Amino acid sequence: MTKNDNPLLSIQQFPDYDKIKPTHALPAIEALCKSTKTQIEELLTNAPVSWDTYEKIEAIGDKLGKAWSPVSHLHSVMNNEDWRNAYQACQPIISQYSAEMSQHSGLYNFYCGLRDSQAFTNYNTAQKKLVNDAIRDFELSGVNLTDDKKAEYQKLAQAASELYTTFSNNVLDATQAFHLHIKDEKELAGIPDSAKGLYQQLAEENEVEGFWITLDFPSYYPALTYADNRELREKLYYAYVTRASECGPNAGEFDNTTVIEAILAIRSDIAKLLGFENYAALSLSDKMASDAETVIKFLVDLVEKSKSQGQAEFAELKSFAKEKLGLTDLQPWDIAYASEKLKQAEYAISQEQLRDYFPVPSVIKGLFSICQRLFAIDFEGTTQLSKWHDDVTTYIIKDDKGKIIAYFYMDLYARQGKNGGAWMNGAIDKISSSEIQQLPVAYLTCNFIPPVGGDVAYLSHDEVVTLFHEFGHGLHHMLTQVNYSPISGINGVEWDAVELPSQFMENFCFEREVLAGMTVHKQSGEPLPDDLFEKLTASKNYHSALQMLRQLEFSLFDMKIHAEYNDEDPQDVMKTLAQVRKQVAVVPAPEYSRFPMSFSHIFAGGYAAGYFSYKWAEVLSADAFSKFEEEGVYNEITGNQFKTEILEKGASRTAMENFVAFRGRKPTIDALLRHNGIQARG
Ligand code: ZN
């Protein structure tokens, strides 16, 4: 195939979705990985160590990025057999390429050369940060080790990744090994029809009559939350919290106990090999939080501020369960059930009831109008970009002088072959160099219920929040004024700060004025009435202290097992959990509970010694929004400051520098507590 007939090889401004076919993926990715490597080697050999050379290297890498982006995007949103095969064929090539590049000593030396050069002192802040970040990332990949140690590192990294797979396979197998086969529908009283439909479908798949309940979350959750049958709840709960452990109905069969021990030992070895005291220190080395002590202090502080309210919430739940549900001894398997009943008794509000108020066109208009007012930008539909599906809408963003600054694709509705969930991805990174001039382009993907008949689509309030969240990520990507791709938009932003703009945008969905501006009832045409608005805001904080404490328990457990690991005398994680629970938990857990054995976020995913990031970013977003509460939700000056100090800056400064520049001080936890309706006592 020649360059001319493979549209992935010649992407300039936008991918040409009318022409890209699955058959283009592999040849393009193969060719580009190869040519990128060759061209970089050549530059490293022949070109001077200078910023000009950096820009050339960036441009070469960008070409590959631009080809890979539509391939992985189409794999996520137009998934069929051809795209899956094409993607799977490319993936090992991309992984191999990334692994090679992250340990490339020639490139590492090049960046060190830039840092040590005369010119470096004259670089601007962004350039300096880019160089230093690159050096740090190479070092975190083990580039600087002797050959022996490099081999050891690779061995450990390989072993770790195999253990992660074993861990998740055990969780998956344990989840699938258990089911309840219910023949009599009476036993399912209280469970909504949608869930019962799922159980029937599962029964059919397993070729039996009746209902089939599994431990997969969509199956487990409705039964635990709604089933009046207490014995059924207990059976399911017992199986669920003992998954992949030495307890429970499949005791010892998929036990992750020794897998966790091995993971912690290997992580400790990796950290020490790279010169860190422990794995927590390694994990925090590229995050906003400076060290484990700071994180633990931060979490404990939140525990202290939330605990008495958590106790009060639990006491209220207990007395409600006793008086209204006849549950005199509230057990762990009753909590979700009683909690849902109490919520209904107190707020009587359903997401479905709210849906009629949120037609998509009004919601989008409302979203755009907030951004217009706050950030002085304009939105315009465009037909300039080719699309992968008719549902997709495309837009231009202009600044207040009418200059185009970004483009985006909005793909809102669920359809076959589209991955679930909602996300924002960069399609094109902003670059402005002697080699490339390009504006940022974003993909905004959601899975809302599509329009029915000739009508427009309607969103639940939760979905409106999701849209605002993803749009916040989008603004971070698109309003960037940074000219170099590794630190423009959300690229290079610390993991524990990247959710700041997204969670920040969510706040607007609970503002009276904002909601009034974007709600139009399906029949009456009226905006959201006051009583529904009040119920909505009140229910937002239902059991917020209990939820906060649960997240804090997970976060503290995660940080402690990684920060306090001692390879001479490895502690039993269940003991660490018991200590943490003593300090944090309000809700009792049975002795047999083995929650860590299925905690995939930290034992199989990327959240190791990083689970606290959820709360950390929430503190930032709540505190940032509180400035708007102080100075007016639509205050243009504050909006402009948020844009120029945070959204536009990307990773050209540290997240803390961005925050302080906007807020005039370091973040505090007060706004988060207030937004959660938690009155700190004691
Ligand atoms: Zn997010």
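**Cavity, zinc site and aromatic pairs**

His-476, Val-493, Glu-494, Ala-497, Leu-500, Pro-501, Ile-646, Gly-650, Ala-655 and Asn-658 line the largest cavity of this structure, which is a predicted model. Two elements, α17 (500-506) and α25 (655-663), each give two or more residues to that lining. By character, the lining of the largest cavity comprises six nonpolar residues, three polar and one charged. The space enclosed in the largest cavity is about 80 Å³. Across the whole structure, the search finds three cavities of 30 Å³ or more. Rolling a probe the size of a water molecule over the atoms shows where empty space is left.

The zinc site comes next. Coordination of the zinc ion is provided by His-469 (NE2), His-473 (NE2) and two OE atoms of Glu-499, at 2.1 to 2.7 Å. Along the sequence, these donor residues follow the spacing H-x3-H-x25-E. His-469 and His-473 both belong to helix α16 (residues 461-478) and, because they are four residues apart there, about one helical turn separates them. Both His-469 and His-473 are buried. The angles subtended by the four donor atoms around the zinc ion run from 52 to 140°, and the arrangement is therefore irregular. A tetrahedral assignment would require all angles to lie between 85 and 135 degrees.

The aromatic side chains offer a further view of the fold. The count of aromatic pairs comes to 52. One of them joins Trp-68 and Tyr-87, which are stacked, with 5.3 Å from centre to centre and 15° between the planes. Trp-68 lies in helix α2 (residues 51-77) and Tyr-87 in helix α3 (residues 81-102), so that the pair links distant parts of the chain, 19 residues apart. Trp-68 and Tyr-87 are both buried.

A second pair is formed by Phe-554 and Phe-595, whose ring centres are 4.5 Å apart and whose planes meet at 20°, so this pair is also stacked. Because Phe-554 sits in helix α20 (residues 544-563) and Phe-595 in the loop between α21 (573-584) and α22 (600-603), the pair ties together parts that are 41 residues apart in sequence. With a relative accessible area of 9%, Phe-554 is buried, whereas Phe-595, at 21%, is partly exposed; the limit for a buried residue is under 20%.

Aromatic residues also assemble into a cluster. Trp-51, Tyr-54, Tyr-108, Phe-110, Tyr-111, Phe-120, Tyr-123, Phe-138 and Tyr-484 together form one aromatic cluster.

Notes
Residues numbered from 1 in each chain as written. Predicted model: local features only at pLDDT ≥ 70, side-chain atom pairs only at ≥ 80, totals over all residues. Heavy atoms only, no water. Donors = N, O, S within 2.8 Å, 3.2 Å for Na, K, Ca; no water. Tetrahedral: all angles 85-135°; square planar, octahedral: opposite > 155°, others 65-115°. Buried < 20%, exposed > 50% of the residue type's maximum accessible area, 1.4 Å probe, protein only. 1 Å grid on protein atoms, 1.4 Å probe; cavity = no way out; pocket = protein on both sides within 12 Å on 5 of 7 lines; lining within 4 Å. Points joined across faces, edges and corners; volume = space filled by probe spheres on them. Nonpolar A, V, L, I, M, F, W, Y, C, P; charged D, E, K, R; others polar. Phe/Tyr/Trp six-rings, centres within 6.5 Å; stacked < 30°, edge-to-face > 60°.
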